[in-house]
Amino acid sequence: MHQMHHMAPWVPTFAQAIENEHSLNENSPPFVAFQLATVDSHSGFPKNRTLIHRGWLFDDKSSNVLTFTTDKRMAKYEELLHDDRFEAVYWFPKINKQFRFRGKARIVDDTYTPVISNDRIVSSSLATPSNASEESLVIGNGSVKPVSPQKTPINSSLCSPGLASQMSLSTVDLSYTNLARFQYQAPSLEEWEAERVRQWKALSKNLKKSFRKPTPLLPMNDELQKKIDSIRRGVDGKKEDDGLKNFAVVAMFIDHVDLYELDKDRRLVYERDSYQQWVEQEVCP
């Protein structure tokens with residue numbers, strides 16, 4: 001059986017780890033923090049920071065894609081425009097488990113949406129064109145410049161949430177020979193925007209205010225301090241959604257998972273190949 005959309009073997013373990021950690025913490029804090037490392041193209045050094053886990057892409061565990069959100073004016077946004085590689089580490093102290101994820105990140109905002117490549121998932125006769133350019137180079141003024149990885153296709157089994165919903169409700173065997181009934185569709189531009197808006201609406205009012213603040217890392221002065229104070233008090237004259245223009249969702253397409261269970265002194269490694277198949281192997285801790 002060859003399905004387009006299936007849950008990776010590490011997903012249930014990770015989801016259960018979050019649930020167990022929350023239970024032992026009595027849901028305090030009511031969020032999961034993790035460390036994200038990117039590559040700074042200017043210095044060549046890795047950049048690391050603490051972020052908040054924002055759940056699964058399209059609120060669907062079977063997407064196998066984790067998400068976080070960011071202000072487009074933050075350094076990590078610019079870093080991912082030049083180098084999409086990341087490593088994310090989740091540490092759950094109550095249950096003594098660590099997950100290290102590695103893969104490629106894709107930005108979802110009013111400028112960028114992921115280009116999903118499915119040529120190794122379904123036959124070309126079933127595939128439909130992607131919703132963005134697949135050019136790998138930009139030529140101008142006689143020079144050749146590499147396109148941002150955010151505009152290049154990413155190999156994934158991710159399909160349209162609408163299609164995934166139809167497939168989940170179907171009683172037809174979803175074998176390769178029956179995929180024509182559910183002709184492959186990548187997420188549409190409308191579905192990507194709906195996901196961005198869904199994640200925006202899930203933010204607290206105070207967090208939404210942060211997207212209206214002055215550009216991060218600007219030298220502080222009296223004028224900027226007054227603006228920050230007015231935003232904090234909610235008297236800056238702006239509406240809650242005015243910060244949406246600076247808001248982006250980042251989808252983490254994962255290729256490698258390193259799970260270390262300290263409580264069991266056990267370590268598992270999961271690798272995803274170019275055909276979307278996962279290989280699980282136990283290794284020495």
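**Figure 1. Arg267 hovers over an aromatic ring.** In this predicted model, the charged end of Arg267 sits over the ring of Tyr260, 5.9 Å from the ring's centre. Tyr260 falls within the span of strand 10 (247–261), and Arg267 within that of strand 11 (266–272).

**Figure 2. Trp10 and Phe14 meet edge-to-face.** Searching the whole structure turns up 19 aromatic pairs. One of them joins Trp10 and Phe14: the ring centres are 6.4 Å apart, and the planes make an angle of 65°, so the pair counts as edge-to-face. Are these two residues buried or exposed? Both Trp10 and Phe14 are buried. Zoom out a little, and the pair turns out to belong to one aromatic cluster, along with Phe34, Trp56, Phe68, Tyr90, Phe92, Phe99, Phe101 and Trp278.

**Figure 3. Here is the largest nonpolar core.** It has 35 residues, and the ones with the most contacts inside it are Trp10, Phe14, Tyr90, Phe92, Phe99, Phe101 and Met252. Plenty of elements chip in: helix 1 (11–24), helix 2, strand 1 (33–39), strand 3 (65–71), strand 4, strand 5 (97–108), strand 10 and strand 11 each supply at least two residues. Which of them gives the largest share? That would be strand 10, with six residues. There is also a second, separate core of 22 residues, and Ile116, Met167, Ala186 and Ala251 are among its members.

**Figure 4. Phe92 and its surroundings.** Phe92 is one of the residues with the most contacts inside the largest core, and it is part of the aromatic cluster too. Which residues does Phe92 touch, if we skip those up to four places away in sequence? The list runs Phe14, Ala17, Ile18, Glu21, Val32, Lys97 and Phe99.

**Figure 5. Leu24 comes together with a distant stretch of sequence.** Leu24 belongs to helix 1. Along the chain, 71 residues separate Leu24 from Ile95, yet their C-alpha atoms are 8.3 Å apart in space. Setting aside residues up to four places away in sequence, Leu24 touches Lys94 and Ile95.

**Figure 6. Asp84 is a buried loop residue with an arginine partner.** Look for Asp84 in the loop between helix 2 (75–82) and strand 4 (85–92). Its relative accessible area is 7%, so Asp84 counts as buried. What joins the side chains of Asp84 and Arg106? A polar contact of 2.7 Å does. Apart from neighbours within four places in sequence, Asp84 is in contact with Gly103, Lys104, Ala105 and Arg106, and also with Pro149 and Gln150.

**Figure 7. Ser160 sits just before helix 3.** This serine lies in the loop between strand 9 (154–155) and helix 3 (161–169). Ser160 counts as buried because its relative accessibility is 3%. A polar atom of the Ser160 side chain lies 3.1 Å from the backbone nitrogen of Gly162. Leaving out neighbours within four places in sequence, Ser160 is in contact with Gln185, Ala186, Pro187 and Glu191. Of these, Ala186 is also part of the second core.

**Figure 8. Two cysteines, two settings.** Is Cys159 buried or exposed? Cys159 has a relative accessibility of 1%, so it counts as buried. Cys284, by contrast, is exposed because its relative accessibility is 70%. And don't go hunting for disulfides: a search of the whole structure finds zero.

**Figure 9. The backbone takes some unusual turns.** Most peptide bonds are trans, and most residues other than glycine have a negative phi. What kind of peptide bond joins Ser28 and Pro29? It is a cis bond, with omega about 5°. Pro29 itself is in the loop between helix 1 and strand 1. Next come two residues with positive phi. Phe58 has a phi near 60°, and its place is the loop between strand 2 (46–52) and strand 3. The loop between strand 2 and strand 3 holds Asn64 as well, and here phi is about 65°, again positive in a residue that is not a glycine. Phe58 counts as buried because its relative accessibility is 17%. Asn64 is buried too, with a relative accessible area of 9%.

Technical notes
Residues numbered from 1 in each chain as written. Predicted model: local features only at pLDDT ≥ 70, side-chain atom pairs only at ≥ 80, totals over all residues. Heavy atoms only, no water. Disulfide = S-S within 2.5 Å. Buried < 20%, exposed > 50% of the residue type's maximum accessible area, 1.4 Å probe, protein only. Phe/Tyr/Trp six-rings, centres within 6.5 Å; stacked < 30°, edge-to-face > 60°. Lys NZ or Arg CZ within 6 Å of the ring centre and 35° of its normal. Helix = DSSP H or I, 4+ residues; strand = E, 2+ residues; numbered from the N terminus. Polar contact = N/O pair within 3.5 Å; in protein donor to acceptor, adjacent residues only side chain to side chain. Contact = heavy atoms within 4.5 Å. Core = buried A, V, L, I, M, F, W, Y, C linked by side-chain atoms within 4.5 Å.
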